[in-house]
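Visitor: Hi, I've got a bit of time before my gel finishes. Can you walk me through this one?

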Amino acid sequence: MIGAGYVGLVQAVGLASLGHQVVVGEADADRVRKLSSGHVPFEEPGVSDLLERGLRDGCLRFTTDNREAVSGAEVVFIALPTPEADDGRADLSIVDAVVAEIGSSLEPEVVLVFKSTVPVGTTDRVQQEFDAVGATVRVASNPEFLAEGTALDDFLNPSRIVIGARSMATVEMLTSVYEGIEAPHVVTDPVSAEMVKYSSNAYLATRVTFANAIANLCEAVGADVEDVLLGMGHDGRIGHHFMRPGPGFGGSCFPKDTKALTMIARAAGYPFSLLEGVIEVNQAQHRVVVDKVRSAVGGVLQGKRVAVLGLTYKAGTADLRGSPSLEVIRLLQEEGADVAAFDPAVAEAVPGITTVFTALDAVRDADVMVITTDWDEFRHLDMRAVRAAMSGTAVVDGRNLLEPATVRAAGLHYQGIGR
Ligand code: UGA
């Protein structure tokens, strides 16, 4: 396994638990030291236990030397970051540099697998590069679908295993790696496998955005989006999942992958205007929340105290990457608001943001309280205590977590998204 980030580490401990010998190459020496002593650098249920077990049983180890990691390996997974470049494309420089680094250390007939999300065509391109120098490496695509907070469960009980390869021998090798895991296998060519990954994230991001757009429309026509989504979701063709309105989707994947797919589409001569619209509507959704906060305090944010509940991009993770909450805070501060924020998973300081240790600390003397992350504990806030601590009475529930009647009964003014 090359890369001990989110994807690589979960995959590594998961593969070790299936009985494989796993050696992980990771450039960050500090991370290698921590992992080697059983310390997981992020919160993810179950990963720590499997890490300990793998280390104890001797089937998992970490090294800063990628060449050493791949030496003797039958299968090499690449789980390296593919960050967003300035132009929105996925930046492949880390992946390309590591493939060049390990190239000469790979065993004959090794299966080199892209686990990270790579632009459509990358697997075949790398295969051609190996072919050109006469190497016998077989390159495949095996995209990852794990979500933060449920990552290990997503590995052990995946909705599907997608294998993109150009030979049956490669497919058989990868199938044997996942023996013991029950899931439908989708076997296809590498280009299609790469497309499965982007299309899945693009579709999910579109669903969330569709729900947000319907929420905004519900508000304009006087409907309640929660009832509307309930009414829609009972149609088995639609379903209830992944349609919760909010401040827009975020995280380290959806924003990056949707943008990258629009770039891939343009380069291929098919401008993906539907997805471009999704990205635009999603960015506007951050402003929808800010507009509500502004109007809740009388039209001017300058000098107003705003309590923001939630910093992470979703509940169940400490990850702040691409968080809509941070964008909402930035926009509030830009208009002169004085923000105090609380998040149950974020204990350390966040640059440019005043963070406090409890929700009640955040709302103390606030003119308005705004919820930006769907943490369950915010559902159970004591609204009377909130009312007593605040100086104002406005609540903007950016995730529709609260019961409007309960909020109002405490003497507060409630505003949700589309209700
Ligand atoms: C997402 C996908 O769900 C995974 O399948 C995929 O493997 C992963 O990206 C990836 O490409 O690595 P993740 O970024 O962890 O996983 O988060 P999600 O649970 O998908 O949520 C993404 C964003 O959408 C969050 O900001 C969340 O709050 C928002 N969301 C989600 C909503 O606003 N409403 C919903 O109903 C669902």
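Guide: Sure. One term first: helices (H or I, at least four residues) and strands (E, at least two) are DSSP runs, numbered from the N terminus. Contact, another word I'll use, means heavy atoms within 4.5 Å.

Visitor: And where does the model come from?

Guide: It is a predicted model: local features need pLDDT of at least 70, side-chain atom pairs count only at pLDDT 80 or more, and totals for chains, interfaces and linings use all residues. Residues are numbered from 1 along each chain as its sequence is written, and side-chain values use heavy atoms, with hydrogens and water left out.

Visitor: Okay, let's start with helix 6. Which of its residues are buried?

Guide: In helix 6, residues 122-132, the buried ones are T122, T123, D124, V126, Q127 and F130. Buried means under 20% relative accessible area, exposed over 50%, and partly exposed in between (1.4 Å probe, protein chains only).

Visitor: What covers them?

Guide: The cover over the buried residues of helix 6 includes helix 5 (93-102), strand 4 (111-114), strand 5 (138-141) and helix 9.

Visitor: And what follows helix 6?

Guide: G134 does, with a positive phi near 75°.

Visitor: Let's switch to the ligand. How many residues surround it?

Guide: 19 residues surround the ligand, and the closest are L146, K197, N201, R244 and C253. The cut-off for being near is a heavy atom within 4 Å.

Visitor: Which backbone atoms reach its oxygens?

Guide: L146 has a backbone N or O atom 2.7 Å from a ligand oxygen. A polar backbone atom of R244 is likewise 2.7 Å from an oxygen atom of the ligand, and for G250 the distance from a polar backbone atom to a ligand oxygen is 2.9 Å. For reference, a polar contact is a pair of N or O atoms within 3.5 Å.

Visitor: Which elements give two or more residues to that shell?

Guide: Helix 9 (190-221) and helix 11 (254-267). The largest share, three residues, comes from helix 9.

Visitor: Now the sheet. How many strands form it, and in what order?

Guide: Six strands form an open sheet in the order 10-9-8-11-12-13, with parallel pairing. Strand 10 (354-355) and strand 13 (413-415) are at the edges with a single partner strand each, so one side of each has no neighbour in the sheet. Two strands pair if DSSP finds at least two bridges between them.

Visitor: How does strand 11 pair?

Guide: Strand 8 (residues 305-309) joins strand 11 through four bridges, and the two run parallel. Strand 12 (residues 394-397) pairs with strand 11 in the parallel sense too, over four bridges. On the strand 8 side, V306 stands opposite V368 and V308 has V370 as its bridge partner. V370 also stands opposite V396 in strand 12.

Visitor: Are the faces of strand 11 covered or exposed?

Guide: Both faces are covered: V368 and V370 on one side, M369 and I371 on the other, all buried. In a regular strand, side chains alternate between the two faces of the sheet.

Visitor: Which contacts does S325 make?

Guide: S325 sits in helix 13 and is buried, at 1% relative accessible area. Apart from neighbours within four places in sequence, S325 is in contact with V308, G310, L311, T312, T372 and T373.

Visitor: And where is A318?

Guide: A318 is in the loop between strand 8 and helix 13 (324-334), partly exposed at a relative accessible area of 36%. Leaving out neighbours within four places in sequence, A318 is in contact with T312, A345 and V346. The C-alpha atoms of A318 and P344 are 8.6 Å apart, with the two positions 26 residues apart along the chain.

Visitor: Back to phi for a second. What about F242 and N400?

Guide: F242 is not a glycine, yet its phi is positive, about 55°. F242 lies in the loop between helix 10 (225-233) and helix 11, and it is partly exposed, with a relative accessible area of 37%. N400 also has a positive phi, near 50°, and lies in the loop between strand 12 and helix 17 (404-409).

Visitor: Is N400 buried or exposed?

Guide: Buried, with a relative accessible area of 8%.

Conventions
Polar contact = N/O pair within 3.5 Å; in protein donor to acceptor, adjacent residues only side chain to side chain.
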